[in-house]
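Subject: The structure we talked about

Hi,

Here is the structure I promised to send over. Have a look at it first, and then read on for my notes.

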Amino acid sequence: MLDLKFIRSSPDRVQEGLNKRYKDITIEPVLKLDEKRRKLLSEVEKMKATQNQKSKEIPKLKKEGKDITDLMNELKELSDRIKALDDEVKEVEDEIEKILLTIPNIPHESVPVGKDDSANVEVRRWGEPGAFDFEIKPHWEIGEKLGILDFERASKVSGSRFTFYRGLGARLERALINFMLDLHIEKHGYLELFPPFLVARKSMIGTGQLPKFEEDAFKTTDDYFLIPTAEVPVTNYHREEILKEEDLPIKYVAYSACFRAEAGAAGKDTRGLIRQHQFNKVELVKFAKPEDSYDELEKLTADAEDVLKHLGLPYRVVLLCSGDLGFSSAKTYDIEVWMPSYGRYVEISSCSNFESFQARRANIRFRRKDGKLDYVHTLNGSGLAVGRTVAAILENFQQKDGSVVIPEVLRKYMGTDIIK
């Protein structure tokens, strides 16, 4: 969440930043509640000072043999009033926190200002889309014809937007997970975590999924949530902790299944593997010093891009504009892979710097060498979304006879160089 002190000291700057998101967001209720809270605290402090002063009179009056009944009644009334005001302060503070949890992060100054994805800025491209001398097929048709993807039976078992992977299709999914983990661990220096797939409400709040996006989450009857991404458990791994400056940056990579209701996404990329209720993803998460976090964002994005380079898949990197940023993000790069049947690039990773936004919610700090405590900056990115990578491989490496050539780096995992 945003720092209340920062909102109070720089309200115009905060509101200007929120306006760049092109949402109807105002900090006015927070400022009014904060003013009320400070007035209440001032009143309580004065009462407590009076209480302390009068309490000190009691021994003196007793020693002089004077009646202290009226004074004791006065102190009792004062104590009751202080208790009532303390309760009122707590109610106001709870209301402030409730509102702060619904206010998004402020875009970084380097983020282009724009209302929607039409204002996103392409940063770079890698590779050239292949030329086909035959009619290209979408990945779902390729997968069904090869017998490696079964959407129909998955729909029977679970409903729409689920998939059975079969045979070499299942092996391809597994091969990509292992390849991505190995690359990020051995080449890029991440430490692997294997996280829980169920998390408590507090963890979802910590990374910004709740309370705003509860409709997009799968919730159990016991108030546990199926994770929408490994970002949630891995970021909360250090919740309520104080890290050491010399240990930063901390870099984790984690495979997980991911679960999303995709509320409001009806009719958008609903065929095939692009927008599933359950999918696999390899996630990159970093904890960094504030002064280093934007350099770390560039490195994290490059690490995610490296997967596509090794696979030989054409892609581009796009800097999201202010109106297209995710709720918790201060700056985001989307990596988009070329999909021949779509005739366009499709998102396969989002790499974001959340600055201290998540760290404040999850209370993740670090102690500097001079002893000062500061909030870490958290970052994450897909490295990559596995199902979308399968889709990109099927489409970009499809052959005229219906077979699919396996990228060279995956062949030792697959035990074959072609699916036919």
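Let me start with Y22, a tyrosine that is partly exposed, with a relative accessible area of 44%. One thing to keep in mind throughout is that this is a predicted model. You will find Y22 in the loop between α2 (11-19) and α3 (28-63). What caught my eye there is the backbone: Y22 is not a glycine, yet its phi is positive, at about 55°. As background, most residues other than glycine have a negative phi.

E355 goes in the same notebook entry. Its phi is near 50°, again a positive value in a residue other than glycine. This glutamate sits in the loop between β13 (344-353) and α11 (357-362), and at 21% relative accessibility it counts as partly exposed. The cut-off for buried is under 20%, so E355, at 21%, does not fall into that class.

While we are on the backbone, there are a couple of peptide bonds to look at. In general, most peptide bonds are trans. The bond from L210 to P211, however, is cis, with omega near 5°. P211 is in the loop between α8 (201-207) and β6 (218-219). The bond from G383 to L384 is cis too, with omega near 20°. L384 is in a strand, β16 (residues 377-385).

Now the overall picture. The protein chain has 13 helices and 18 strands, and its C-alpha trace spans about 110 × 45 × 40 Å along the principal axes. Of the 420 residues, 50% are buried. If you take the contacts between residues at least 6 apart in sequence, 74% of them join residues at least 24 apart. The chain exposes about 20700 Å², and carbon and sulfur atoms supply 47% of that area. On the charge side, I get 67 positive and 72 negative side chains, with the centres of the two sets lying 1 Å apart.

Which helix should you click on to see one that is mostly covered? Try α12 (residues 386-396), where 11 of its 11 residues are buried. The buried residues of α12 include V390, I393 and L394, but also charged ones such as R388 and E395.

Next, the cysteines, since you may wonder about crosslinks. How many disulfides does the structure hold? The count is 0. C258 is in no disulfide, and the nearest cysteine sulfur, that of C351, is 14 Å away. Why is there no bond from C351 to C258? Their sulfurs are 14 Å apart, which is too far for a bond; a disulfide would need the two sulfur atoms within 2.5 Å. Are these cysteines buried or exposed? C258 is buried, with a relative accessible area of 0%, and C351 is likewise buried at 0%.

Last, the aromatics. A search of the whole structure finds 12 aromatic pairs. One of them is F194 with F197: the ring centres are 5.9 Å apart and the planes are at 75°, so this pair is edge-to-face. F197 also pairs with Y255, again edge-to-face, at 6.4 Å centre to centre and 80° between the planes. F197 lies in the loop between β4 (191-193) and β5 (198-200), while Y255 is in strand β9 (residues 250-259), so this pair ties together parts that are 58 residues apart in sequence. Together, F194, F197 and Y255 form one aromatic cluster.

It is worth colouring that cluster by accessibility. F194 counts as exposed, at 61% relative accessibility. F197 counts as partly exposed, at 25%. Y255 is buried, with a relative accessible area of 18%. So the cluster has one member in each class, given that buried means under 20% and exposed over 50%.

That is what I have for now. Shout if anything is unclear.

Cheers

Technical notes. Residues numbered from 1 in each chain as written. Predicted model: local features only at pLDDT ≥ 70, side-chain atom pairs only at ≥ 80, totals over all residues. Heavy atoms only, no water. Helix = DSSP H or I, 4+ residues; strand = E, 2+ residues; numbered from the N terminus. Buried < 20%, exposed > 50% of the residue type's maximum accessible area, 1.4 Å probe, protein only. Contact = heavy atoms within 4.5 Å. Areas by Shrake-Rupley, 256 points an atom, 1.4 Å probe, with all protein chains shown as cover. Charge placed at Lys NZ, Arg CZ, Asp CG, Glu CD. Phe/Tyr/Trp six-rings, centres within 6.5 Å; stacked < 30°, edge-to-face > 60°.
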